[in-house]
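Hi everyone, thanks for coming. I'll put the structure up on the screen now, so take a moment to look it over before I start.

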Amino acid sequence: MARTTRTPGHSTRRALSSLLFSAVVLLAPIDATAQVPTPADVIGFAPGEDYKLANYGPIAAYFEALAASTDRMVLEQIGERTRGEPLYLAAISSADNLARMERLKEITRTLAYARDPEAGGGSLLSEGRARELAREGVAIVWIDGGLHATEVAHGQVMPEMAHHFVTDESDETRRIRENTIVLLMANMNPDGLNIVADWYMSNVGGEFEMARVPELYHHYIGHDNNRDWYMLTQVETRAVTRQLYHNWFPQIVYNQHQTSPFPGRIWMPPFANPVNPHLDPLLVSSLNQMGHSMRKRFDVEGKPGVNSGIVFDLWWNGSMRGGPDYHNMLGFLTETAGAGYATPRCYSDDEIPDDFGARAGGLPARIPSTNYNNPWLGGCWHIRDAMDYMMTAAKAVAEMGSRLKEDYLFNHYWMGRRQIERGRAAEGGPFAYVIDPAAAHDPSSVVEFMNLMSQSGIEFVRANQSFSAGGRTFPPGTWVIPPQAFRPYVVDLMEPKRYPDRRQYPGGPPQQPYDMTGYELRFQMGLEVVNVDEPFEMPSGEWGEIALETGEVRGTGAAGWAIHGNSNWVYRALGDRLGEASRVTRPLASAAGEVPAGSFWLPGLSRGDAAALAARFGLTITGLDRAPGDDALAPVRAPRVAIYRSYQAAMPEGWTRWTLDQYGIDWENVWDADVRDGDLSRFDAIILPSQRAAGIAEGNAPGSIQERYAGGLGAQGQASLEAWVRAGGTLIAFDQAVDYVIPRFELPFRNRVAGLASQDFFIPGSIIRLDVDATDPLGFGMADEAFTLFARSQVLEQTAAAEGVSAPVCYADSGYLVSGWTLGGDEYLAGQTAAAQIDVDDGSVVLFAFTPHFRGQPRNTFKLLFNALVGSATEGLPAGSGSTCD
């Protein structure tokens with residue numbers, strides 16, 4: 001497949017990184033019996049020096065060397081990063097604890113699930129037995145670094161942290177090794193560390209020392225690697241998730257970040273409001289206790305600038321520290337002030353504001369308060385200062401784990417037991433969720449959802465015979481999610497929420513939430529779920545089994561086979577056969593059942609191949625005895641797809657690459673210079689991922705970065721795109737990018753919400769209902785009702801009647817808010833256009849006011865993207881259905 005991702009200098013930097021790693025290993029061999037090495041012994045300098053960053057090679061080598069030199073640390077490779085290097089997790093404790101590590105894991109698993117394994121796992125663990133296990137076990141304390149690679153200090157501090165917990169002989173650290181296992185993740189995003197460290201070190205001392213990295217610091221998703229913790233799309237996320245919910249079941253999960261709200265030096269719990277109602281109250285009070293204990297240590301050490309209770313809330317489930325909270329683990333983060341790479345920064349008194357700003361509720365920044373009791377009033381800040389603060393925080397967290405280890409272990413059990421009992425009483429959600437994949441519009445999404453539940457440690461059973469529940473009968477193959485310890489996680493991804501209307505002042509702008517306010521996978525993945533409140537006996541079947549048995553082959557197929565287009569997996573199934581197919585343009589009646597519009601007609605497919613595809617991918621395939629007429633078919637070929645990629649490194653571009661890769665759709669990146677050069681004739685479709693119009697047009701400002709990374713499409717690129725579209729190309733613009741396309745192509749639409757004040761229109765991240773015309777080529781294979789995650793997205797309004805305009809996707813006129821929070825939705829969004837296709841001479845422009853593949857989550861709208869791409873390479877598609885929105 002074509003995967004052109006040309007970043008000048010990229011290969012050279014990777015090669016230099018590999019050479020450096022090899023050189024370190026060769027020059028500093030470590031004997032397992034030798035003295036424990038310091039980080040400087042292996043890395044070549046002590047991380048924390050100004051103007052120096054280590055990349056992953058020497059840091060990984062240090063963890064290897066440290067593990068080889070001591071019986072207090074076990075180093076495990078838990079997976080591989082996206083580009084293939086090892087992901088390391090270090091377990092640090094006493095030698096005795098590490099020798100009985102498997103027994104300690106068994107204890108934490110038993111307490112986490114709150115079930116008695118000696119009774120077959122069906123009975124609740126007794127309180128007395130739980131207390132015995134809490135006394136026998138040790139607290140598991142997880143601390144990680146490096147998730148966000150541009151936040152460099154926590155990626156650099158991990159070797160020092162490992163060295164401290166292994167070698168320090170203070171009473172406190174001895175107690176930590178005796179009563180805990182400290183799990184240190186050497187780096188959560190090694191690719192990003194290499195990208196950022198190599199970039200900075202190549203620029204340090206020069207004009208562009210502080211220039212932004214011109215590529216995503218995760219191969220696919222950049223900063224969004226902290227937005228992937230219920231969708232689990234990335235290999236790094238899945239590797240860590242296995243450790244959290246299948247292997248270790250830690251009681252404490254501490255996720256390090258930068259940067260603190262300014263002028264604070266470190267943010268830590270307690271969190272800001274609101275609190276998600278599905279979280280156990282004991283978890284919230286335990287987080288508060290942890291935060292206050294951490295703050296006290298900073299006060300003892302005389303480290304000012306600790307702030308709490310602002311910006312970071314306890315509502316959303318999708319971050320690395322958020323998911324554990326819904327598993328009754330203390331998941332939290334700190335945000336330490338950043339120096340900007342390893343370059344120090346000094347702040348004068350007049351640079352210190354009077355308060356933290358509106359998003360922080362105007363917290364005073366110069367006078368003490370309960371959330372900021374020791375203000376930082378300026379001075380110089382080095383990467384060493386940030387690392388010292390991180391070391392203080394880590395010691396405080398580990399010390400709490402050691403001092404209260406029995407409480408943490410027992411409370412993990414207690415919260416789990418309480419959640420099971422709440423489920424049995426159908427409090428805060430139903431007794432059970434019942435999911436019949438055959439009832440879903442797209443059964444593949446049901447399988448993907450159950451796989452996510454499995455990876456997240458959720459218990460479920462797949463029935464092997466029919467059963468009754470809630471007055472209904474369900475067939476074999478139905479999944480049931482029963483009451484369980486991790487019930488908050490399930491309920492939160494199922495039940496719609498209403499985020500509180502929070503304003504900076506009455507009638508004023510909204511207080512921005514940390515991230516999404518409505519995000520349930522029940523809607524995003526198009527599941528058909530039955531809530532059953534009345535208790536019932538679980539059906540017989542396999543616990544944890546995932547299988548797809550919804551595939552069906554109908555008819556004889558004497559003339560050929562039509563693969564229905566309702567499943568996203570149809571594109572995986574077609575593969576190279578896509579170029580042999582035709583699109584069915586209208587519903588077809590047959591003796592074997594109706595063939596929907598949007599199906600793929602394959603006259604040369606054998607019955608055996610049809611049966612194999614149906615079984616493997618869960619597809620419905622209808623055989624016809626007589627071929628459809630030419631008037632019902634539109635020949636397809638594999639689309640030649642380009643994805644526009646800016647040196648501003650927009651995350652939606654990476655998500656677009658990821659999405660197409662998952663479904664076997666070839667693509668090639670085009671950069672600004674490629675578009676400006678004007679030869680785009682080799683492409684059928686060009687995607688403009690969501691990015692501000694100014695960013696697309698202008699790019700990085702000249703003088704802010706090396707010349708080859710500066711500038712955008714400019715007038716020349718605009719002209720090139722327009723000529724290509726008029727000659728037959730299909731330009732597809734998502735979300736913010738519609739503001740680039742509409743005025744430049746003089747399209748008969750406007751962005752209805754552009755420039756509105758937030759108090760007039762604000763949807764920060766909510767589930768919005770869509771109405772879809774599935775007879776329109778853009779809507780082929782879709783259900784009539786769909787759901788999008790509207791994340792500060794756009795609203796289209798047609799401004800003039802015009803030929804060749806189709807608007808088959810609309811925001812629902814009523815009942816549009818499914819979950820989350822909206823301001824001004826009735827006036828500005830209800831009934832308006834969400835997606836449109838406009839003919840431009842021989843080509844077309846497709847406008848999506850939202851991103852149908854946002855963060856890889858809304859599987860129910862992926863087909864809108866696929867239809868736009870396949871449509872660009874399909875001959876003879878019928879005209880769209882016309883304007884269907886208000």
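I'll go through confidence, then two sheets, then two pockets, and finish with a few odd spots in the backbone.

Okay, so this is a predicted model. The average pLDDT over the chain is 94, and 96% of the residues come in at 70 or above. The part to be careful with is residues 1-33, where pLDDT stays under 50. The model does give that stretch 55 contacts beyond four places in sequence.

Now the sheets. A quick reminder for anyone new: strands of a sheet pair through backbone hydrogen bonds, and they can do that parallel or antiparallel.

Let's take the sheet with eight strands. It's open, its pairing is mixed, and the order across it goes β1-β2-β4-β3-β5-β10-β6-β8. At the edges you'll find β1, residues 73-80, and β8, residues 306-307, and each of those pairs on one side only. Look inside the sheet at β3, residues 139-144, and β4, residues 180-185: they run parallel, joined by six bridges. If you want one pair to click on, I143 has L184 in β4 as its bridge partner. What packs on the sheet here, touching β3 and β4? That's helix α8, residues 171-179, and its direction makes about 95° with that of β4. There's also helix α10, residues 235-248, which lies across β1, β2, β3, β4 and β5 and runs at about 130° to β1.

Next, the sheet with six strands. This one is open with mixed pairing too, and the order is β20-β24-β21-β23-β22-β25. Why do β20 and β25 each have one side without a neighbour in the sheet? Because they stand at the edges, at 552-554 and 633-635, with a single partner strand each. From one strand to the next, the twist averages 30°. Strands β21, residues 560-563, and β24, residues 620-624, are an antiparallel pair with four bridges. In that pair, G560 is matched with L624 of β24. Helix α19, residues 607-617, packs on this sheet and touches β20, β21 and β24, with its direction at about 145° to that of β20.

On to the pockets. The largest pocket holds about 1,400 Å³ of space. It has 46 lining residues, and the closest to its centre are H223, D224, M651, P652 and R855. Which helix gives the largest share of that lining? It's α20, residues 651-662, with four residues. By class, the lining splits into 19 nonpolar, 15 polar and 12 charged residues.

The second largest pocket has a volume of about 770 Å³. Here 38 residues form the lining, and T730, Q837, D839, S844 and G871 are the closest to the centre. The elements giving two or more residues are β34, β36, β37 and α26, and α26 has the largest share with four. The class count for this lining is 14 nonpolar, 16 polar and eight charged.

Last, the odd spots. There's a cis peptide bond between F262 and P263, with omega about 10°, and P263 sits in the loop between β5 and β6. Another cis peptide bond joins P269 and P270, with omega about 5°; P270 is in the loop between β6 and β7. And then E746: it isn't a glycine, yet its phi is positive, about 50°. You'll find E746 in the loop between α24 and β30.

That's it from me. Thanks, everyone!

Conventions: Residues are numbered from 1 along each chain as its sequence is written. This is a predicted model: local features need pLDDT of at least 70, side-chain atom pairs count only at pLDDT 80 or more; totals for chains, interfaces and linings use all residues. Side-chain values use heavy atoms; hydrogens and water are left out. Two strands pair if DSSP finds at least two bridges between them. Axes are lines fitted to C-alpha atoms, for helices over the stretch in contact, and angles run from 0 to 180 degrees between N-to-C directions. Contact means heavy atoms within 4.5 Å. On a 1 Å grid over the protein atoms alone, a cavity is a set of points where a 1.4 Å probe fits but cannot get out, and a pocket is an open set with protein on both sides within 12 Å along at least five of seven lines; lining residues have an atom within 4 Å of a point. Grid points are joined across faces, edges and corners, and a volume is the space filled by probe spheres set on the points. Ala, Val, Leu, Ile, Met, Phe, Trp, Tyr, Cys and Pro count as nonpolar, Asp, Glu, Lys and Arg as charged, and the others, Gly among them, as polar. pLDDT is the predictor's confidence in each residue, from 0 to 100.
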